[in-house]
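Q: I should like to learn how individual features of a protein model are read. Could we take them one at a time?

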Amino acid sequence: MKFTAMKFFRRSKKSTSTSESKPPKPSKPSKSGNATYDDMERDKYRMYNGRPEQQYHFAAERGRSYAPWLQLPAPILERVFAFVCPHSSDETYETCERSAVEDACMLCDLRDLAHASQVCKVWRRSAISVMYHSIRIDSVHYCEREIDLSEKRKRKSRFDRNGVPEDPASARLHLLCRTLREDPTRLGKLVQYFKTPYMVRESSAPALARTIAVLPNLRYVDLPEGLFMDDPAHHTLKLEVQARCPGLRKMTYLAGSERSLEALARGNIWPDLEVLELGRINMDPAVLRQVIAALQHLRALKASDCKMLDDDIFRYNDVLPAFPPLEELILTDIPRITADGLVTYLSGPETKESLKVLSLTNTGIHPSALHNVLANAPRLHTVAITEQVDTPFPAHGAPIPPLSNWSLETLRYEITAAPSASSYASTTASYYNYLASSLFAGGLPRLAAIYVRDLNFPDLLLGLPPPMPGFAGSPQRPSSAGGAPGGGSPGGSPGSAVNGGRFGSLSPPGSFGNQPPPRFSSNNPFASAFNPGGAGMLALNQTLEIFTKGDDDLDWGSTRMDPFDAGFGPGGRGKGRRHGRTASSASGRPLSSYGLSDIGAGWQAGGGARMSVIQGDGHGGFLSVPGEGMASHGRKSSASSFGGGAGGGGGGFAGAALRDEWPRPTSSHGKNKGDRDLWR
């Protein structure tokens, strides 16, 4: 029995539908040359659509299009990318923590540079060379993105909603290690600076060693502190650095690594060192001098807490090599090095011309001997001295010349009182007075910034003594003023009534009695700079940026001091406009000397206060207008003791001419005995 296959699907009507939808075929072109239907359609297509070779293809025309940003040379592109990612051009020998860019997010900058490398092949070559020049691994983002990313990094579970945060810095180090080891020929040779956070370099030594193994041109790398002390746990890492990175430029040796430091004298381990840092090293100074002399490219030396160093390391010796000339010399907690030894080192012509940065912290170089060091270093541009003193500045013996250096630009003069000094004795005041006198002397013409630990130091540069407190009395007021009318001169000047007596005259010789007393006392340290024959003010010769910091302050406060015209007669230091600023109009704040004739009276009632109103004169200047109840000379009017009281004049003069500058103190009783009042 035969079975036929059953057809479960309906027969297709494709042939019928297609045959009905197709248009009738055009006839073949006739031999007579008449255009057929196909020819007409072909002409229409060619009319509205150009030839394929004439159409624009972006991929084919990219190389021939005008794009100036694609034709920039590689140096310009690298310069532009350095602004996109500033930390990629960091070539300092500082750790990751100290070389951070302020007010920037290094991870975001690196992300922008990575996006720029994906634009085209030309940009990629330049961006890669910039990106791998100086590598920096950061733990977190220094921007708002860290708020969201920190939550995403937590490995949360159903039973642990808080989550365990990951270590992004360690993960970035492993990813970098994998990338560099996959292409060490092209990427590894580009890396010259490699900086990692403290916790990463201390806890990920194996990953750090695998990464350093493919960086032959490395100049600086952050290493764990145990390597600097010859810790056996980091011995393998140290051998890896010595073998794979022979071109290091900076190395640190701490206590316990004296044997490794001595090995540098052979010349086969890191011969290109430029910066050498020593901390708590205890070895023979002669051996240390041989090690330093063996480093031909050494330009900076930092020694801290090395008790065995003294002046002999700088002195000439027939057996030992000479101490090499340096550009930077930083000495910290080395009390046996004095100014004589440093001057001996600076006596050489090469050393004198090479030293540019000098830092002295708690050394044997006293601030009073700093002028000898500055005089023998003509190329210095930065000097820092930090000392704790327990005695005032030496004022006896031979006079100490002021500080003088024609190339100094930055001075850190941080003098503080030692804990053993008395808190009631102004020990450091004399040191800052000496510094102020040096600035007034004009021996530091290129100085632009100065750091001090005295909040009142900017007031010393104003040229005026500070006002005295009320309990100290008035140094300008005589002990007895306003004598009898017959005992004084007709002018009624201060002290004229006691001329010829035991008190003497308060007015300088050769001056009129009605002139105010001198503004500077005899014990003022700046009084010697004035001409005794005329009045004058001390003035700065350059613009200074003064940074002050107190004992309880955390940040530095800045004050800008501008020079001004000091041509005030024969006692002034100059005449006319010198630095583009005068005491009245050119300053941003109008100055008025009205009422300052008795500034020595301090802050007592009725003395030493400004009692004037500043108003414009219509020509860009200011007028000093006395207030109500004030005399023309700035003092409040008072009854005269010459007999011409408040109601009238007496003697040879009348009115304001007979006012007494220093009236006698009166009691509470009136003219008559019955007017006495105990409550006045």
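A: We may begin with a single side chain in this predicted model. I76 has a relative accessible area of 42% and is therefore partly exposed, since that class lies between the buried limit of 20% and the exposed limit of 50%. I76 is placed in helix α4, residues 74-84.

Q: Which residues form a nonpolar patch on the surface with I76?

A: The patch consists of W69, L72, I76, V80 and V84. Together these residues have about 410 Å² of accessible area.

Q: How is the packing of two helices described?

A: Two numbers are used: the angle between the axes and the distance between them. Here α4 packs with helix α6 (residues 121-131) at an angle of about 55°, and their axes are 9 Å apart. The two helices α4 and α6 are therefore oblique to each other. The crossing of α4 and α6 is right-handed.

Q: How many salt bridges are there in the model?

A: The count comes to 22 salt bridges. For each pair, one may read the distance between N and O, and then the accessibility of both partners. In the pair R136 and D138, the distance from N to O is 3.1 Å. R136 counts as buried, with 9% relative accessibility, and D138 is buried at 2%.

Q: Are the partners R244 and E240 buried or partly exposed?

A: R244 is partly exposed, its relative accessible area being 44%, and E240 is partly exposed at 22%. The closest N and O atoms of their salt bridge are 3.4 Å apart. Both residues lie in helix α12 (residues 235-244), with a spacing of 4 residues, about one turn of the helix.

Q: What does the salt bridge between E274 and R249 tie together?

A: The side chains of E274 and R249 meet at 3.5 Å, N to O. E274 is in the loop between α13 (258-262) and β5 (275-279), whereas R249 is in the loop between α12 and β4 (250-253), so the pair ties together parts that are 25 residues apart in sequence. Both E274 and R249 are buried. A network of salt bridges links R249, E274, R299 and E328.

Q: Which residues other than glycine should I inspect for a positive phi?

A: Two cases may be taken in turn, each with its place and its exposure. W270 has a phi near 45°, a positive value in a residue other than glycine. W270 lies in the loop between α13 and β5, and its relative accessible area of 2% makes W270 buried. D333 is not a glycine either, yet its phi is positive, at about 55°. D333 is found in the loop between β7 (328-332) and α15 (339-345). With a relative accessible area of 30%, D333 is partly exposed.

Q: Where is G550, and what is the separation of its C-alpha atom from that of V452?

A: In such a case the separation in space is read beside the separation along the chain. The C-alpha atoms of G550 and V452 are separated by 8.9 Å, and the two residues are 98 residues apart along the chain. G550 is placed in the loop between β12 (544-548) and β13 (557-561). With 7% relative accessibility, G550 counts as buried.

How values were computed
Residues numbered from 1 in each chain as written. Predicted model: local features only at pLDDT ≥ 70, side-chain atom pairs only at ≥ 80, totals over all residues. Heavy atoms only, no water. Patch = residues over 30% accessible without salt bridge, like charges linked within 9 Å, V, L, I, M, F, W, Y side chains within 5 Å. Areas by Shrake-Rupley, 256 points an atom, 1.4 Å probe, with all protein chains shown as cover. Salt bridge = Lys/Arg side-chain N within 4 Å of Asp/Glu carboxyl O. Buried < 20%, exposed > 50% of the residue type's maximum accessible area, 1.4 Å probe, protein only. Axes fitted to C-alpha atoms, helices over the stretch in contact; angles between N-to-C directions. Parallel < 35°, antiparallel > 145°, perpendicular 65-115°, else oblique. Left-handed = near helix turned anticlockwise from the far one by under 90°.
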